[in-house]
Amino acid sequence: MYEQGVGSERVGLARIEDRPAPAEERAEPSSGPVPDHGVVWSPSVPNRLLARYYLPRSHSVLQGNACRLLRDGVEAYPAMLEAIRGARRYVRLETYMFITDSVGELFGQALAEAAERGVHVKVLYDAVGSWTSRRGFFEALRQRGVDIRPFKPFSLNRGLRHLLQRDHRKILVVDGEVAFVGGVNISAHWAPVGQGGGWRDDVLRIEGPAVHELERRFLATWRMAFQQGVDRMRLRLQRRLRLRLRRPGPPRGGVCLSVLSSRRSIHRAYLHAIARARRSVLIAAAYFVPDRRMVAVLREAAQRGVEVHLLLNGRSDHPFLEHATRAFYERLLEAGVRIFEWQRGVLHAKTAVVDGVWGTIGSFNLERLSLAFNHEVNAVFADPRLGRSVEESFRNDCGSCREVNLTEFRRRPLWQKLLERVVYFFRKIL
């Protein structure tokens, strides 16, 4: 829920429309301060065995997916708009923030045009995350044929839990053929501004059987929010039948994916992969207030010789959470964990890669609200090629960060230490 603040709309729309060069055409990124240790697993090891090694047994694995990492809005928005504009049957969009700025207008126009040419368009946005948006904008989309609805509008009559439980997912599914999942909302925050770019984030573009699973997550949330009683049961049976008849698409690539929407299962996937890490654990976390188990597994990995690197916010959009995060620094640094603070604006990514083969991208934050209340979704993958791409992206980011030094950190002012302790005490309600 920390994405609520909406700042300037200064955004180069021409740049959003321009698709950046494919990853293979870009220059090789610099290695930065994070060393490249080479491969851990033999190329002959099948991805399905890697998935089974790093994932808990209870997590199902979908084989045959094609995936591409998209960095920030400058890469994600053109690909998402292209998919919407090319839709033939339906579009499903679920987002925490749908802000009526220049980027929101661009997406709204694409969605409305799709609806007007006969595409079935459903949009679900979180009422709290999008509270600054103009209601007239959404009404205009409805009049043009877009079925757009708010998730849990603000109401004091329904209690505190109703207000706290938000839809934090970011999912776009088009025609059951292509899907996008990650941390990017519909807002100018993620669009390029001048030379510095917008908020730092990651999105995974997916083709293959996992698209079907992401669509199922969207439909489950829609059904839960807007269908009642007998109608809900009847439509649930109808949709189950349709989804079974509409089998997942044919294999498109070699990536093994697991789509996780249970908060506990995402948390468990993190813990399991870190505990099995052999070479490296690289985590980019926008909001990092870990529980005891997460701190313990990170410390244990570092102490057994695994390179553990955390990329965290240097200037968060939620300052109190920033101080709570720094309350964990000393224990982690003492164990050998390296911490890098992002300096170029706001880090919003929720991305991890272990041993260059296992990784996750999605909406789940390593903090209390994501674990206790929010609706989340992450794609967990096992694939050396995709893992390499995520690892190179992480390494490039760390080259633009300030590394936290334990000796210098211990010298911080007394008032800062006291503030960290106070905020840490209230970490469960931030």
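**Reading strands, cores and burial**

Modeller: In this predicted model, Ala-285 of strand S9 has Lys-350 of strand S12 standing opposite.

Colleague: What makes S9 and S12 count as a pair of strands, and in which sense do they run?

Modeller: Two strands pair if at least two bridges are found between them. S9 and S12, the latter covering residues 350-354, are joined over 5 bridges in the antiparallel sense, so by that rule they count as paired.

Colleague: How do you know which way S9 runs relative to strand S10, parallel or antiparallel?

Modeller: S10, made of residues 307-313, is joined to S9 by 5 bridges, and these two strands run parallel. Within that pairing, Val-281 stands opposite Val-308. Between them in the β-α-β unit comes helix H10, residues 292-303, and the unit of S9, H10 and S10 is right-handed.

Colleague: What makes you describe S9 as mostly covered?

Modeller: A residue is buried when its relative accessible area is under 20%, and 6 of the 6 residues of S9, which spans 280-285, are buried. This holds for both faces, since Ser-280, Leu-282 and Ala-284 point one way, Val-281, Ile-283 and Ala-285 point the other way, and all are buried.

Colleague: What makes a residue such as Val-281 stand out in the largest nonpolar core?

Modeller: That core has 50 residues, and Val-281 is listed with Ile-283, Leu-298, Leu-310, Leu-332, Ile-339 and Trp-358 as touching the most other members. Beyond four places in sequence, the contacts of Val-281 include Ile-274, Leu-298, Val-306, Val-353 and Val-354. A second core of 45 residues is separate, and among its members are Val-91, Phe-98, Ala-191 and Val-346.

Colleague: Val-91 belongs to strand S2, so why is S2 described as largely enclosed?

Modeller: S2 covers residues 90-95, and because 6 of its 6 residues are buried, the strand is largely enclosed by the rest of the structure. Tyr-90, Arg-92 and Glu-94 point one way from S2, while Val-91, Leu-93 and Thr-95 point the other way, and all are buried.

Colleague: Which strands pair with S2, and over how many bridges?

Modeller: Strand S3, residues 120-126, runs parallel to S2 and is joined to S2 by 6 bridges, with Val-121 as the partner of Val-91. The chain passes from S2 through helix H4, residues 102-116, to S3 in a right-handed β-α-β crossover. Strand S5, residues 171-174, runs antiparallel to S2 over 4 bridges, and there Val-91 stands opposite Val-174.

Colleague: How do you know whether Glu-391 is buried or exposed?

Modeller: The relative accessible area of Glu-391 is 3%, and the cut-off for buried is under 20%, so Glu-391 counts as buried. Glu-391 is found in helix H14, residues 384-398, and, leaving out residues up to four places away, touches Arg-279, Ser-280, Leu-282, Val-353, Asp-355 and Gly-356.

Colleague: Why is Arg-149 called partly exposed?

Modeller: Buried ends at 20% and exposed begins over 50%, with partly exposed in between, and since Arg-149 has 29% relative accessibility, it counts as partly exposed. Arg-149 lies in strand S4, residues 147-151, and its contacts beyond four places in sequence include Val-123, Leu-124, Tyr-125 and Trp-222. The C-alpha atoms of Arg-149 and Asp-126 are separated by 8.6 Å, although the two are 23 residues apart along the chain.

Colleague: What makes His-59, a loop residue, count as buried?

Modeller: The value for His-59 is 5% relative accessibility, and under 20% is the rule, so the residue counts as buried even though it lies in the loop between helix H2 and strand S1. Arg-52, Ser-258, Leu-260, Ser-265, Arg-268 and Ala-269 are in contact with His-59, leaving aside neighbours within four places in sequence.

Colleague: How confident is the predictor, and where does pLDDT stay under 50?

Modeller: The mean pLDDT of the protein chain is 86, and 82% of its residues reach 70 or more. The value stays under 50 over residues 5-12 and over residues 21-31, and the model has 20 contacts beyond four places in sequence for residues 5-12 and 8 for residues 21-31.

Note on methods. Residues are numbered from 1 along each chain as its sequence is written. This is a predicted model: local features need pLDDT of at least 70, side-chain atom pairs count only at pLDDT 80 or more; totals for chains, interfaces and linings use all residues. Side-chain values use heavy atoms; hydrogens and water are left out. A nonpolar core is a set of buried Ala, Val, Leu, Ile, Met, Phe, Trp, Tyr and Cys residues joined through side-chain atoms within 4.5 Å. Buried means under 20% relative accessible area, exposed over 50%, partly exposed in between (1.4 Å probe, protein chains only). Contact means heavy atoms within 4.5 Å. pLDDT is the predictor's confidence in each residue, from 0 to 100. A crossover is right-handed if, with the strands pointing away from the viewer, the path from the first strand over the helix to the second runs clockwise.
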